[in-house]
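User: I've got a structure open and want to go through it with you. Can we start with a single residue and work outwards?

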Amino acid sequence: METLNIKDMLKNSRLSRSIQEKSWHMFTKNNRTKRAYEHRRTLIHITQWYPSSKTCNNCQYYNNKLKLDNRTWTCPQCGNTHDRDINAAKNIQREGLKKI
């Protein structure tokens with residue numbers, strides 16, 4: 001799970017309502033204490049500064065020109081096209097497995 005700075009995210013008027021409605025704190029706490037425990041899993045946190053959505057999960061090319069509104073992008077090094085969220089999830093999973 002990626003560690004996020006919720007306090008600063010709440011300052012963004014476009015994000016704050018969604019975060020509050022979803023009760024983000026309770027979601028993360030529930031995952032940490034209940035879900036991981038029930039399934040005998042360890043929940044590993046990845047720093048919020050890890051560039052999970054800007055790194056190609058295939059060749060690890062770092063795309064520093066990627067903007068937040070770019071939902072898909074094509075890696076100039078290997079040619080893979082990525083959905084930003086799926087790419088980030090794969091990178092977070094790989095980074096978490098390194099910590100085990």
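User: Is Glu95 buried or exposed?

Analyst: Glu95 is buried, with a relative accessible area of 17%. The cut-off for buried is under 20%. Keep in mind that this is a predicted model.

User: Where is Glu95 in the fold?

Analyst: Glu95 sits in helix α4, which covers residues 84-98.

User: And what is Glu95 in contact with, leaving aside its neighbours within four places in sequence?

Analyst: Ile46 and Tyr50.

User: Which residue does Glu95 form a salt bridge with?

Analyst: Lys98. The closest N and O atoms of the two are 3.5 Å apart. Both residues belong to helix α4 and are 3 residues apart, so about one helical turn separates them.

User: Lys98, is that one buried or exposed?

Analyst: Lys98 is exposed, at 57% relative accessible area. The pair therefore joins a buried Glu95 to an exposed Lys98.

User: How many salt bridges are there in total?

Analyst: The count comes to 2. Besides the Glu95 and Lys98 pair, the side chains of Arg71 and Asp85 meet at 3.0 Å, N to O. Arg71 is in the loop between α3 (24-38) and β1 (72-74), while Asp85 is in helix α4, so this bridge ties together parts that are 14 residues apart in sequence.

User: How accessible is Arg71?

Analyst: Arg71 has 40% relative accessibility, so it counts as partly exposed.

User: Switching to cysteines. How many disulfides does the search find?

Analyst: It finds 0 in the whole structure.

User: Why is there no bond between Cys56 and Cys78?

Analyst: The closest cysteine sulfur to that of Cys56 is the one in Cys78, and at 3.6 Å it is too far for a bond. A disulfide here requires the sulfur atoms to be within 2.5 Å. From the other side, Cys78 is in no disulfide either, and its nearest cysteine sulfur is that of Cys56.

User: Which of the terms buried, partly exposed or exposed fits Cys56, and which fits Cys78?

Analyst: Cys56 has 0% relative accessibility and counts as buried. Cys78 counts as partly exposed, at 31%.

User: How far is Thr81 from Cys56?

Analyst: The two are 9.0 Å apart in space, C-alpha to C-alpha, and 25 residues apart in sequence. Thr81 is in strand β2, residues 81-83. With a relative accessible area of 58%, Thr81 is exposed. Leaving aside neighbours within four places in sequence, Thr81 is in contact with Trp73 and Thr74.

User: OK, zoom out. What pattern does the protein chain follow?

Analyst: Along the sequence the pattern is α-α-α-β-β-α, which comes to 4 helices and 2 strands. The C-alpha trace spans about 40 × 35 × 20 Å along its principal axes.

User: How many of the 100 residues count as buried?

Analyst: As a share, 24% of them. The protein chain exposes about 7700 Å², and carbon and sulfur atoms supply 51% of that area.

User: What share of the contacts with a separation of 6 or more comes from residues 24 or more positions apart?

Analyst: Such pairs account for 47% of those contacts.

User: Last one, charges. How many positive and negative?

Analyst: There are 20 positive and 8 negative charges in the protein chain. Their mean positions are 3 Å apart.

Conventions. Residues are numbered from 1 along each chain as its sequence is written. This is a predicted model: local features need pLDDT of at least 70, side-chain atom pairs count only at pLDDT 80 or more; totals for chains, interfaces and linings use all residues. Side-chain values use heavy atoms; hydrogens and water are left out. Contact means heavy atoms within 4.5 Å. Buried means under 20% relative accessible area, exposed over 50%, partly exposed in between (1.4 Å probe, protein chains only). Accessible areas come from the Shrake-Rupley method with a 1.4 Å probe; for residues, only the protein chains shown count as cover. Lys and Arg count as positive and Asp and Glu as negative; His and the chain ends are not counted. The place of a charge is taken as NZ of Lys, CZ of Arg, CG of Asp or CD of Glu. A salt bridge is a side-chain nitrogen of Lys or Arg within 4 Å of a carboxyl oxygen of Asp or Glu.
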